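Thanks for coming, everyone. I'd like to walk you through one model this morning. Here it is on the screen.

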Amino acid sequence: MKEFDYIIIGGGCAGLSLAYELEINDKLKDKTLAIIEPRTEYKRDKTWSFWKVISHNFDDCVMKSWENFTINIPKKTNHLECVNYPYQSIDSGLFYEKINDRLKENKNISHFKDISEINSKNSFIFNSVPSIKKDYLNLWQHFCGVEIETHNNFFDDEIFNLMDFDCDQRESVHFFYTLPYSKTKALVETTWLSKMNDNSQKDYDYQIKDYIENHLNLKNYKITYKEEGAIPLFYPTYEETKNQINIGTAGGMTRLSTGYTFLNIQEHSKYICKNIENISKTKKFEIAKKYQFLDDIFLRVLYENPEIMPSIFFKMFKSSPKTVIKFLSNKSNFLEDLSVILKMPKWTFVKALFY
Ligand SMILES: Cc1cc2nc3c(=O)[nH]c(=O)nc-3n(C[C@H](O)[C@H](O)[C@H](O)COP(=O)(O)OP(=O)(O)OC[C@H]3O[C@@H](n4cnc5c(N)ncnc54)[C@H](O)[C@@H]3O)c2cc1C
């Protein structure tokens, strides 16, 4: 069976981002790479959005960028700016196409459906397939979004809505998220932060229809695309092995308080690429410990007190949006951390330390 210098398990966001980073930096000129991916075709299946706090390789896959956003709780709306760190949405279909077109040009890169097709004994492995073992909170961010088109101009495409909590909470944390790509086209997503123990929150189609028709007051529209997903708000467990690094969701690249993962994956890919010649001895890349600690407390508060979370998110954005964005994107300094932390209800958070 054939052997390779490197193996990437999973040709999704993290696997392909890493392969692309290695390829464009000429790290695969004299090395061989096998990508293991079971899917038979690539098509758009996700929309990756984030505040652009660092540069990345995929500006040409951006569907839309915004410099203004809102956050709502019943009867209150906060209008905010993100001029320094625009919010971008990436079309996964364009991302897959761009990367796969480039990888095709290199004869040192091979594709397989299953790891059993090759000899992996002497390779260095980058694994993006998580083994999900639920933690004690078992919190998930689960969601369903539809892209809708209207006949007449309806949306203000200069401003997106990050979180609209003016909706049924069902003793959990629930909000709608609206990304207007143009005046006639938007992604509307229902999002839950919850234990996901049963299916009682999964009537997504009903929730979205009700929100569009009775909250946005839009009656004439058609659905052109749909995406559904669930992001674990806990780190997947895995055994550390000498010749393997986990990447993507499997590698702990999700910021647990927000679900944002895409830019962390890009930073991780750049880090691996920079250290590829000495990868087995390179220090593990991870989201800074201070964010891991703060997110843990935040999720415990969310678990115990879901009813106060809309006002917590709303108050958090009462700090300068630039500061909050840096905090949520793992780029804040100590004073910025403090400014966000001081917006939180102190006693509730102190109590959460002892749950
Ligand atoms: C619908 C959706 C929307 C999201 N939106 C955002 C967002 O807006 N912003 C953000 O920052 N993050 C977002 N995320 C979170 C995160 O960015 C994505 O989940 C991202 O795709 C994670 O990349 P990954 O490579 O870890 O996983 P994936 O992209 O899921 O890649 C894993 C790959 O492994 C393959 N695979 C599965 N089993 C095997 C196997 N046994 N052997 C080999 N390969 C296998 C799969 O087919 C897949 O291609 C979203 C997640 C989802 C599900």
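One term before we start: contact means heavy atoms within 4.5 Å. Also keep in mind that this is a predicted model.

Let me use that term straight away on a single residue. Val-62 is found in strand E4, residues 62–66. Which residues does Val-62 touch, leaving aside its neighbours within four places in sequence? The contacts are His-56, Gln-88, Ser-89 and Ile-90. Now a distance from that residue. Val-62 and Pro-130 are 68 residues apart along the chain, and their C-alpha atoms are separated by 27 Å.

On to the helices. Start with H1, residues 13–24, and H2, residues 92–103. Their axes come within 10 Å and cross at roughly 40°. That angle makes H1 oblique to H2. The handedness of this crossing is left-handed. Who makes the contact? From H1 we have Cys-13, Leu-16, Ser-17, Ala-19, Tyr-20, Glu-23 and Ile-24. From H2 we have Phe-95, Tyr-96, Lys-98, Ile-99, Asn-100, Arg-102 and Leu-103. Sort the residues of the H1 and H2 contact by class and you get nine nonpolar, two polar and three charged.

H1 has another partner, H4. The axes of H1 and H4 lie 9 Å apart, and the packing angle is about 40°. H1 and H4 are therefore oblique to each other. Left-handed or right-handed, as H1 passes H4? Right-handed. On the H1 side, the residues are Cys-13, Ala-14, Ser-17, Leu-18, Glu-21 and Leu-22. On the H4 side, they are Phe-262, Ile-265, Gln-266, Ser-269, Lys-270, Ile-272 and Cys-273. The class split for H1 with H4 is eight nonpolar, three polar and two charged. Note that Cys-13 and Ser-17 of H1 appear in the contact with H2 and also in the contact with H4.

One more helix pair. H5 covers residues 289–304, and H6 covers residues 309–316. Their axes come within 10 Å and cross at roughly 145°. H5 brings Phe-298, Val-301 and Leu-302. H6 answers with Met-309, Ile-312, Phe-313 and Met-316. By class, the H5 and H6 contact has seven nonpolar residues, no polar ones and no charged ones.

Now the empty space. The largest pocket has a volume of about 1100 Å³. How many residues line the largest pocket? The count is 47, and nearest the centre lie Trp-48, Phe-143, Ile-231, Gly-259 and Thr-261. Several elements give two or more residues to this lining. Among them are H1, strand E3 (47–51), strand E10 (140–149) and helix H4 (262–274). Strand E14 (222–232) is also on that list. E14 gives the most to the lining of the largest pocket, six residues. By class, the lining of the largest pocket has 26 nonpolar, 14 polar and seven charged residues.

Next, the cavities. There are two cavities of 30 Å³ or more. The largest cavity has a volume of about 130 Å³. It is lined by 14 residues. Nearest its centre are Phe-50, Tyr-260, Leu-263, Asn-264 and Ser-329. E3 and H4 are the elements that give two or more residues to this lining. The largest share comes from H4, with four residues. By class, the lining of the largest cavity has seven nonpolar, four polar and three charged residues.

The second largest cavity has a volume of about 40 Å³. Its lining is Ala-14, Leu-18, Ile-247, Gly-248, Ile-265, His-268, Ser-269 and Ile-272. Which elements give two or more residues to the lining of the second largest cavity? H1 and H4. H4 supplies the largest share here, four residues. The class split is five nonpolar, three polar and no charged residues.

Look back at the H1 and H4 contact for a moment. Ala-14, Leu-18, Ile-265, Ser-269 and Ile-272 belong to that contact. Those residues also line the second largest cavity.

So, to recap H4. This helix packs against H1 with the axes 9 Å apart. H4 is on the list of elements lining the largest pocket. H4 also gives the largest share of the lining of the largest cavity, and of the second largest cavity.

That's my tour. Over to you.

Definitions and conventions
Residues numbered from 1 in each chain as written. Predicted model: local features only at pLDDT ≥ 70, side-chain atom pairs only at ≥ 80, totals over all residues. Heavy atoms only, no water. Axes fitted to C-alpha atoms, helices over the stretch in contact; angles between N-to-C directions. Parallel < 35°, antiparallel > 145°, perpendicular 65-115°, else oblique. Left-handed = near helix turned anticlockwise from the far one by under 90°. Nonpolar A, V, L, I, M, F, W, Y, C, P; charged D, E, K, R; others polar. 1 Å grid on protein atoms, 1.4 Å probe; cavity = no way out; pocket = protein on both sides within 12 Å on 5 of 7 lines; lining within 4 Å. Points joined across faces, edges and corners; volume = space filled by probe spheres on them.
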